[in-house]
Structures are given as C-alpha cells and as structure tokens.
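Please work through the exercises below with the model open beside the text, and try each task before reading its solution.

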Amino acid sequence: MKYFLAFCRLFVGSLFIVSGLIKANDTLGFSYKLEEYFHESALNLPFFEPWALELAILACVGEIILGFALLFGAKMRLATLSLLALTVFFGWLTLYTANCDPSATYTTIVNGEEVVKSVTCVTDCGCFGDAMKGSIGRSLTPWESFYKDLVLFIFLLPVLIMQFVKGETPLNTDQDDKLFFPLSLLFVGFFSYIFTWFFPVFVTAIGYAGYFLLRRWKGNNSQWFSAAWITILAFGICYWTYNHLPIRDYRPYAVGKNIEEGMKSAEELGLQPPKYGYIYTMKNKSTGEQTEISDAIYIEQKWWEKPEWEMVSDLTRQIKISDGYEPPIHDFVLFDNDGNDRTYSLLGEERVFLLFAYDIKKTDGSVMAKVNELAEAANQAGVTFIGLTAGTYDDVNNFRHDNQTQFPFWSGDGTVLKTVIRSNPGLVELKKGTVVGKWHANDLPSASELF
C-alpha cells in the first residue's frame with residue numbers, strides 16, 4: 001500500500017506540475033480559453049470575462065503549487081482536498097462540454113426584445129493549452145478530457161482517504177526525498193516527453209533545490225516557506241510569459257513554420273481528410289414520436305418515401321465519422337483597405353514585417369514611436385511593413401492619428417491575429433511565408449538589428 005500511495009502522489013503531482021507549467025507558458029492563450037467558457041452563449045458567466053487573465057494565472061499557479069505539495073508531502077490534507085476540488089470542477093466542466101449540443105439555442109434580451117441565439121460548444125478544453133496540438137497533432141476531445149480527470153480522481157482518492165484514516169502524511173523525510181526526488185524528475189520527464197518540452201523538468205529541479213535549502217534551514221517547519229518558494233517560482237514564470245512571449249511556441253505560427261504550408265488541405269498534401277456525416281431528427285406526424293438517424297441510414301432505408309415521417313431540419317447536426325488530416329491554419333485571411341484579399345501576395349513576398357494589433361483600442365501606444373522607427377527603416381530598405389487589426393475603420397484612423405503612423409493597416413480575423421502572437425501589438429517577420437522572427441511589444445528590436 002505504501003508504494004501504491006507513493007505512485008499516486010508521483011503520478012498526480014507530476015501531471016499537475018506539467019499541466020500548470022504548460023498553461024503558464026501561455027497565460028494569455030489560457031485566458032482566451034476561459035473567456036470562451038465565460039461567454040454568454042457557453043456557461044453564461046460574462047461577469048468573469050474581465051477577470052479571465054487573473055483567473056488563468058491563479059489556476060496555473062495553483063496547479064503548480066499543489067503538484068509540488070503532493071511531491072513534498074507538505075500540508076497533505078489541504079493539498080489533496082484542493083486537488084480533489086480542482087479535479088471534480090474540471091471533470092464537471094469537461095462533462096458539460098462533452099454533452100453540449102451545438103444545435104441548441106438560448107433566449108436573451110437585446111434592446112428590450114427577446115432574441116434566440118445559438119449555444120457555443122467549447123470543443124477544446126484547453127487543459128494543456130496548444131501543447132497537445134503542437135506535439136501529437138490534436139487536442140483532447142471533451143470526453144477524453146473527462147476520462148483524464150476521472151483517472152486523476154481515482155489516483156487521488158486513496159491519498160486523500162489516508163489523510164483522514166491514518167492521519168495527515170508528514171513532510172517527506174530525507175529518506176523519502178531520496179526516492180521522491182529522482183522519481184519526480186522521471187515522472188515529469190515522461191509527461192514532458194509527450195509534449196516534446198523538457199522545461200518542466202528544469203523547473204521541477206529548481207523547485208526541489210529551493211525546497212532542500214529550506215529544509216536545511218527550517219527543518220519540518222519549512223512547509224509554508226516551501227509553499228512561498230513555489231508560489232514565487234510559479235508567478236515568476238507567468239509574469240515572464242505574459243510580459244514576453246511563450247517560452248515554447250506550440251502554435252502553427254511558431255518561428256520556422258511556413259504559413260502557406262499550414263493552410264494546405266489534405267487533398268493538396270495527398271493525405272486522408274476527416275469524414276463527416278449528419279444526424280437527422282425524424283418526427284412521426286401522427287404520434288409526435290421523434291427518432292434520430294444517420295444520413296447513411298436515411299438514404300439506405302429511403303426515409304423520404306415514408307409519408308408518416310417528416311424531418312425536423314432545425315435539429316440536424318453534423319458529426320465526425322473518422323479522423324483525418326486537418327490544416328492547422330484555416331482562417332488566415334488578410335484584406336487591404338479596399339477589401340481585396342491580399343493573403344497569398346503577402347505570403348509570397350521576399351521579406352515583410354507585420355505589426356499585429358488585434359484589438360487596436362487596447363493596443364499599447366507607448367511603443368509606437370519605436371514601431372514607427374522600424375517602419376521607416378523598412379521603407380528605406382524597400383521592405384513591406386503592414387499593420388494588421390480586427391478593429392473598425394474609425395478605430396484604425398484614430399489610432400494612426402494619435403500615434404502618427406505612416407504604414408497602412410489591413411484587416412483580419414481577431415481570433416487568428418491574437419493566435420499568431422501573444423502581444424498587442426506584436427511584430428512578426430516573414431520571408432516567403434515562413435515566420436523567421438517574433439517580438440513582444442516589450443522586446444522590439446532596434447532598426448540596426450533588422451536592417
């Protein structure tokens with residue numbers, strides 16, 4: 001039993017550390033996912049949307065702290081209860097998402113009138129940020145995420161029970177740490193291998209280093225000091241990735257990726273695309289009975305020849321029959337000021353700089369003097385410099401007037417623009433459609449470094 005409990009602690013603790021670090025690697029991206037959940041058409045919690053970033057950071061830090069607590073044996077009752085609450089909450093969230101009906105509607109009041117809108121189903125839980133897509137090629141489905149939470153619950157429950165049956169597990173002894181330290185690195189290394197990113201192993205080692213020093217200083221009274229140390233470490237990582245760019249970029253717009261290649265369809269690449277079908281709802285005209293059938297059954301059994309049945313078209317929904325290759329980039333479309341699609345002409349240029357300002361009303365104007373210098377240097381070097389935004393024509397004109405920008409702004413989808421780079425504004429350099437440089441607003445290079 002002792003070794004089984006140790007395995008449970010190592011498995012759950014290591015997975016929470018890696019999960020927290022992967023989300024902390026892209027705090028803005030995680031906050032965007034929370035905004036999706038909070039939206040009126042999803043969980044209907046719009047009052048949380050302004051706090052999405054703060055809640056994202058707290059969730060990341062909480063996962064990291066509790067994961068380390070389980071490995072250190074620190075405040076085990078509090079740690080296991082907190083982890084259980086998190087696991088149950090995320091399990092409920094993924095179960096809710098898995099059962100979401102994309103064809104459902106809800107009624108809301110707009111300008112004093114009732115308006116029927118479609119429900120938004122969050123198909124990607126965001127449990128591991130973009131890391132799943134960037135490493136194994138796809139995210140966990142809602143049901144897979146639910147089963148993951150169920151497995152965590154199963155392994156966490158024995159540890160929790162033992163805290164009340166046999167008393168709270170004390171802080172690791174030196175002998176315990178001789179086992180837990182190398183095995184923690186091994187478990188974290190295994191999960192890091194799945195995500196092709198070994199930064200969590202480094203963080204785990206740093207976390208243990210501080211813990212060992214505090215143990216020497218405070219002995220068994222070091223638990224809260226260790227918690228403070230891990231808190232500082234976790235917040236430090238979140239602070240860095242928010243004020244700069246993610247340490248590891250899993251998105252299809254990472255440096256070295258070719259955007260045009262990422263837009264090619266399965267057919268263009270000679271690969272098998274996913275197959276989709278439809279589920280029809282048929283209603284018996286006499287009894288009112290309803291039944292669901294697939295489009296294949298509809299054709300095979302010739303349901304259109306059954307006069308007693310009619311199709312309820314509003315309830316028709318699409319389903320995926322089999323997986324296949326789907327382009328990682330599918331909405332990257334740019335329009336110039338005249339409404340012309342300039343996507344491929346821009347991707348074909350030898351060298352181009354793009355200033356991404358997806359929400360131009362929130363764009364940091366304090367860096368625009370330096371941006372203007374870069375734009376002028378690009379113009380003198382004969383290199384294209386374009387601003388990209390999802391803002392309105394008036395918003396763009398106001399911004400250009402306030403910041404005296406001489407380069408043009410083109411338009412694109414806001415979700416795509418904030419996916420390309422986690423900065424508003426952020427600078428991206430392309431060569432023949434390949435991303436060769438990305439800079440956060442806080443890390444803009446000088447003109448002499450680029451030209």
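A pocket, as the word is used here, is an open set of grid points with protein on both sides within 12 Å along at least five of seven lines, and a residue belongs to its lining if one of its atoms lies within 4 Å of a point. The model is a predicted one.

**Exercise 1. Describe the second largest pocket by its volume, its lining and the helices that contribute to it.**

Solution. Start with the volume: the second largest pocket holds about 620 Å³ of space. Next, take the lining, which consists of 27 residues, and look for those closest to the centre of the pocket, namely Leu 28, Tyr 32, Tyr 358, Lys 362 and Asn 424. Then sort the lining residues by class, which gives 10 nonpolar, seven polar and 10 charged residues. Finally, turn to the secondary structure: helix H2 (27-38), helix H3 (52-72) and helix H9 (223-243) each supply at least two lining residues, and H2 gives the most, with four.

**Exercise 2. Find the largest cavity and classify the residues that line it.**

Solution. Begin with the search of the whole structure, which finds one cavity of 30 Å³ or more. The volume of the largest cavity is about 30 Å³. Its lining is made up of Tyr 37, Ala 42, Leu 43, Tyr 96, Thr 97, Cys 100, Thr 120, Cys 121 and Val 122. When these residues are sorted by class, seven turn out to be nonpolar and two polar, while none is charged.

**Exercise 3. Examine the salt bridge between Arg 215 and Asp 177, and decide whether each partner is buried or exposed.**

Solution. The structure holds 16 salt bridges, and in the one between Arg 215 and Asp 177 the closest N and O atoms are 3.0 Å apart. This pair links distant parts of the chain, since Arg 215 lies in helix H8 (residues 199-218) and Asp 177 in helix H7 (residues 174-194), with their positions 38 residues apart in the numbering. To judge burial, compare each relative accessible area with the cut-off of 20%, under which a residue is buried. Arg 215 has 13% relative accessibility and therefore counts as buried, and Asp 177, with a relative accessible area of 5%, is buried as well. The last step is to look for further partners, and here Asp 174 joins Asp 177 and Arg 215 in a network of salt bridges.

**Exercise 4. Carry out the analysis for the salt bridges Arg 317 with Glu 292 and Glu 350 with Lys 432.**

Solution. In the bridge between Arg 317 and Glu 292, the closest N and O atoms are 2.8 Å apart. Arg 317 belongs to strand E6 (residues 317-322) and Glu 292 to strand E4 (residues 290-294), so the pair ties together parts of the chain that are 25 residues apart in sequence. Arg 317 counts as partly exposed at 27% relative accessibility, and Glu 292 counts as partly exposed at 47%.

In the bridge between Glu 350 and Lys 432, the closest N and O atoms are 3.6 Å apart. Glu 350 is found in the loop between helix H13 (343-347) and strand E7 (352-356), whereas Lys 432 is found in the loop between strand E10 (426-431) and strand E11 (434-440), and the two residues are 82 residues apart. With 58% relative accessibility Glu 350 counts as exposed, while Lys 432, with a relative accessible area of 46%, is partly exposed.

**Exercise 5. Determine how the rings of Tyr 211 and Phe 212 are arranged, and then look for other contacts made by aromatic rings.**

Solution. A pair of aromatic rings is described by the distance of the centres and the angle of the planes. The structure holds 35 aromatic pairs. For Tyr 211 and Phe 212 the ring centres are 5.4 Å apart and the planes stand at 45°, so the pair is tilted. Tyr 211 counts as buried, at 0% relative accessibility, whereas Phe 212 is partly exposed, with a relative accessible area of 30%.

Elsewhere, ring pairs link Phe 7, Phe 11, Phe 155, Phe 187, Phe 190 and Phe 191 into a cluster. Two contacts with charged side chains complete the exercise: Lys 23 lies over the face of Phe 30, at 5.6 Å from the ring centre, and the charged end of Arg 77 sits over the ring of Phe 164, 4.9 Å from its centre.

Terms used: Residues numbered from 1 in each chain as written. Predicted model: local features only at pLDDT ≥ 70, side-chain atom pairs only at ≥ 80, totals over all residues. Heavy atoms only, no water. Phe/Tyr/Trp six-rings, centres within 6.5 Å; stacked < 30°, edge-to-face > 60°. Buried < 20%, exposed > 50% of the residue type's maximum accessible area, 1.4 Å probe, protein only. Lys NZ or Arg CZ within 6 Å of the ring centre and 35° of its normal. 1 Å grid on protein atoms, 1.4 Å probe; cavity = no way out; pocket = protein on both sides within 12 Å on 5 of 7 lines; lining within 4 Å. Points joined across faces, edges and corners; volume = space filled by probe spheres on them. Nonpolar A, V, L, I, M, F, W, Y, C, P; charged D, E, K, R; others polar. Salt bridge = Lys/Arg side-chain N within 4 Å of Asp/Glu carboxyl O.
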